[in-house]
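This briefing is intended for a reader who is new to the structure shown below. Please keep the sequence and the model in view while reading.

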Amino acid sequence: MELTQIYRFHSPNLGDLYSNPARYFFPNSTVRKIDIMRKLQGTTFQGPVIVGGGGLLGWHRFQRNLRWLSRADVPVILWGIGHNSIVNKKKGYLRRPWIRYPGFLRRFSLVGLRDTPTPYRYVPCPSCMHPLFQKKRSVTRPFVVYRHAQIPFPALPYPSLTNECERLATVLDFLGSAETILTNSYHGAYWGLLLGRKVLAVPWSSKFYANPRITTVRHTTLLNTARLREAVAGCTASPTMLEEAIEQNLRFYEEVKQIV
């Protein structure tokens, strides 16, 4: 069986590269990869299609492709995708927006969104399935910064890494070394929570508000010692989140197998 996996793989963003379900599932399938940045209209498929993960909902180019895929003549499954249409990349901060989900989502064979709550099934980003998350890591410092390389972020006096680091092991060891992660990367926040760490995220897109476990703050909070201390005291780690995310993905996989 040929399975087509559509996601962002021509990308320097490590979160995009590790969010595709075919990396962790479907061991006996031939997988054809297509980047969702490509115009998909007119593409032919020889079998089922899986789209995800990543923040694919709302942005106009992705939206056109998803709308077209919703009428494909093969099963199309959305796995671990989320909202990402309202952004402020210039300032690097966005107030909480009103998030809407397109009606054409109802036409897909199966829908699992990394956002919650929504009218659809909650399925976190499948990067949680990577075995590197099972490694035990010790906290050795109070803060680290994990920033999106293309988005403004305050200059802070803590160890720093960007989302264009090429090795997942390096990133997870870095994130796991801190008690609290300061970030403007969605996957920096998500992975930090999976590792059981506290996370403070500066939101520049709707995607940060679509996961209630991500604690959002303004830039100014990170630059003020008293406000930062207060924000850290007010946010909590999620020690069971990794197990919960894995379980949700395994259950979704069982449903997907009934279709593909």
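In which sense do E8 and E9 pair, and over how many bridges? E8 and E9 pair in the parallel sense, and three bridges link them. The model is a predicted one. The points below treat its strands, its pockets, its cysteines and some features of its backbone and loops.

**The five-stranded sheet**

- E9, E8, E10, E11 and E12 form an open sheet of five strands in the order E9-E8-E10-E11-E12, and the pairing is parallel.
- The edges of this sheet are E9 (160-162) and E12, each of which pairs on one side only.
- Within the pair of E8 and E9, Val 145 stands opposite Ser 160 of E9.
- E8, which covers residues 141-147, is also joined to E10 by five bridges, and these two strands run parallel.
- In that pairing, Val 144 has Ile 181 of E10 as its bridge partner.
- E10 (residues 178-183) pairs in turn with E11 in the parallel sense, over four bridges.
- Leu 182 is placed opposite Leu 200 of E11.
- As a general point, strands of a sheet pair through backbone hydrogen bonds, in either a parallel or an antiparallel manner.

**A crossover between E4 and E5**

- E4 (residues 54-57) and E5 (residues 76-83) form a parallel pair over two bridges.
- Gly 54 stands opposite Ile 81 of E5.
- Between E4 and E5 the chain passes through helix H2 (residues 60-69), and this β-α-β crossover is right-handed.

**The largest pocket**

- The largest pocket holds about 540 Å³ of space.
- Its lining consists of 24 residues, and those nearest the centre are Arg 8, Asn 84, Lys 89, His 148 and Lys 207.
- The elements that supply two or more residues to this lining are E4 and helix H4 (186-194).
- E4 contributes the most to the lining of the largest pocket, with three residues.
- By character, the lining of the largest pocket divides into eight nonpolar, ten polar and six charged residues.

**The second largest pocket**

- The second largest pocket has a volume of about 230 Å³.
- It is lined by 14 residues, and Phe 133, Lys 136, Leu 194, Leu 195 and Leu 242 are the closest to its centre.
- H4 and helix H7 (241-259) each give at least two residues to the lining of the second largest pocket.
- This lining comprises six nonpolar, three polar and five charged residues.

**Cysteines**

- How many disulfides does the structure hold? The structure holds zero disulfides.
- Why is Cys 125 without a bond to the closest cysteine sulfur? The sulfur of Cys 125 is unbonded because the closest cysteine sulfur, in Cys 128, is 7.0 Å away, which is too far for a bond.
- The cut-off for a disulfide is a pair of cysteine sulfur atoms within 2.5 Å.
- Cys 128 is likewise in no disulfide, the nearest cysteine sulfur being that of Cys 125 at 7.0 Å.
- Cys 125 is buried, with a relative accessible area of 1%, and Cys 128 also counts as buried, at 0% relative accessibility.

**Backbone features**

- Most residues other than glycine have a negative phi, and most peptide bonds are trans.
- The peptide bond between Gly 52 and Gly 53 is cis, with omega about -10 degrees.
- Gly 53 is located in the loop between E3 (49-51) and E4.
- A cis peptide bond also joins Thr 116 and Pro 117, with omega about -5 degrees.
- Pro 117 is located in the loop between E6 (110-113) and E7 (121-122).
- Phe 26 is a residue other than glycine with a positive phi, near 60 degrees.
- The loop between helix H1 (14-17) and E2 (30-35) contains Phe 26.
- Is Phe 26 buried or exposed? Phe 26 counts as buried, because its relative accessibility is 6% and the limit for buried is under 20%.

**The loop that holds Pro 212**

- Pro 212 is situated in the loop between E11 (198-201) and E12 (215-216).
- Pro 212 is exposed, with a relative accessible area of 59%.
- Pro 212 and Asp 115 are 97 residues apart in sequence, and their C-alpha atoms are 8.6 Å apart in space.

Note on methods
Residues are numbered from 1 along each chain as its sequence is written. This is a predicted model: local features need pLDDT of at least 70, side-chain atom pairs count only at pLDDT 80 or more; totals for chains, interfaces and linings use all residues. Side-chain values use heavy atoms; hydrogens and water are left out. Two strands pair if DSSP finds at least two bridges between them. A crossover is right-handed if, with the strands pointing away from the viewer, the path from the first strand over the helix to the second runs clockwise. On a 1 Å grid over the protein atoms alone, a cavity is a set of points where a 1.4 Å probe fits but cannot get out, and a pocket is an open set with protein on both sides within 12 Å along at least five of seven lines; lining residues have an atom within 4 Å of a point. Grid points are joined across faces, edges and corners, and a volume is the space filled by probe spheres set on the points. Ala, Val, Leu, Ile, Met, Phe, Trp, Tyr, Cys and Pro count as nonpolar, Asp, Glu, Lys and Arg as charged, and the others, Gly among them, as polar. Buried means under 20% relative accessible area, exposed over 50%, partly exposed in between (1.4 Å probe, protein chains only).
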